[in-house]
Amino acid sequence: MKEWELRPATRADVEPVAELRAVVMRPDLERLGRYDEHRVRQRLRDAFDPAHTWVIEVDGAFAGCVALRPAADAHWLEHFYLAPHLHGSGIGTGVLRTLLARCDRDGLPVRLNVLRGSPARRLYERLGFTAEAEDPVDVFMVRGPYDGRAPHVGGSAAIVNGDKKM
């Protein structure tokens, strides 16, 4: 696996992340009949919050992002995008394991939604997420915190420039 690290996002990261989102989500959105070249980028711009977002760098270069938004009863995993040439490399699994280990320490579940039919769902299921509800576009998933009975999904990675509070 290539070397990767997480760094805190800044406002300047919004456009590279919006572009990556458009590339990564296009096949699934087209399959669902929902791709709109402007909307796919604008939805990210409207929701982007660098306070809860990390940029994934591989060999020092921008490779993706992930956000963990705190809520009253859970963390929401959002905007998890990895450059297509890195899919299947283990980097996504490593990033997700690192973040899940942090959430486990908080004792809170993690929630997310994934597009119906997306290959990303297999990654989430492998790491303990289960489907909670579905609609015509999204599958809503949840993973409870590690409680000592299930296999631990923790991992480690370099987190540079400090450790953001979730």
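## Strand β2 and its enclosure

In this predicted model, strand β2, which spans residues 53-58, is largely enclosed by the rest of the structure, because 6 of its 6 residues are buried. The burial concerns both faces of the strand: T53, V55 and E57 are buried on one side, and W54, I56 and V58 are buried on the other. In a regular strand the side chains alternate between the two faces of the sheet.

## Partners of β2 in the sheet

Strand β2 pairs with strand β1 (residues 4-8) in the antiparallel sense, and 5 bridges connect the two. Within this pairing, W54 of β2 is the bridge partner of P8. Strand β2 also pairs with strand β3 (residues 61-70), again in the antiparallel sense, over 6 bridges, and here W54 stands opposite V66 of β3. W54 thus has a counterpart in β1, namely P8, and a counterpart in β3, namely V66.

Strands β2 and β3 form a hairpin with 2 residues between them, and one residue of the turn, D59, has a positive phi of about 50 degrees. D59 takes this positive phi although it is not a glycine. It lies in the loop between β2 and β3 and counts as exposed, because its relative accessibility is 57% and the threshold for exposure is over 50%. The turn residue D59 is therefore exposed, whereas the residues of β2 itself are buried.

## D13 in the loop before helix α1

D13 belongs to the loop between β1 and α1, and with a relative accessible area of 7% it is buried. Leaving aside residues up to four places away in sequence, D13 touches R7, P8, F48 and V55. Of these neighbours, P8 is the residue whose bridge partner in β2 is W54, and V55 is one of the buried residues of β2.

## The packing of α1 against α2

Helix α1 (residues 14-31) and helix α2 (residues 37-47) pack at an angle of about 130 degrees, and their axes are 9 Å apart. The two helices are therefore oblique to each other, and α1 passes α2 in a right-handed crossing. On the side of α1 the contact is made by V14, E15, V17, A18, E19, R21, A22, R26 and L29, and on the side of α2 by E37, V40, R41, R43, L44 and R45. By residue class, this contact comprises 7 nonpolar and 8 charged residues, with no polar ones.

Two arginines of α2 illustrate the contact in detail. R41, found in helix α2, counts as buried at 14% relative accessibility, and, residues up to four places away in sequence not being counted, it touches A18, E19, A22 and Y35. R45, also found in helix α2, is partly exposed, with a relative accessible area of 25%. When residues up to four places away in sequence are left out, R45 touches V14, E15 and A18. For the pair R45 and E15, which are 30 residues apart along the chain, the C-alpha atoms are separated by 7.7 Å. A18 of α1 accordingly appears among the contacts of R41 and among those of R45.

## Further strands

Strand β6 (residues 130-134) and strand β7 (residues 138-143) run antiparallel and are joined by 4 bridges. One of the pairs in this arrangement is formed by T130 and V142, the latter being the bridge partner in β7. A hairpin through 3 residues joins β6 to β7.

In strand β4 (residues 75-82) lies H79, which has a positive phi near 50 degrees although it is a residue other than glycine. At 17% relative accessibility, H79 counts as buried, whereas D59, which likewise has a positive phi of about 50 degrees, counts as exposed.

## The chain as a whole

The protein chain has 4 helices and 8 strands, and from the N terminus on its elements follow the order β-α-α-β-β-β-α-β-α-β-β-β. Of its 166 residues, 44% are buried. Among contacts with a separation of 6 or more, 65% are accounted for by residues 24 or more positions apart.

Terms used:
Residues numbered from 1 in each chain as written. Predicted model: local features only at pLDDT ≥ 70, side-chain atom pairs only at ≥ 80, totals over all residues. Heavy atoms only, no water. Axes fitted to C-alpha atoms, helices over the stretch in contact; angles between N-to-C directions. Parallel < 35°, antiparallel > 145°, perpendicular 65-115°, else oblique. Left-handed = near helix turned anticlockwise from the far one by under 90°. Contact = heavy atoms within 4.5 Å. Nonpolar A, V, L, I, M, F, W, Y, C, P; charged D, E, K, R; others polar. Buried < 20%, exposed > 50% of the residue type's maximum accessible area, 1.4 Å probe, protein only. Pairing = 2+ DSSP bridges.
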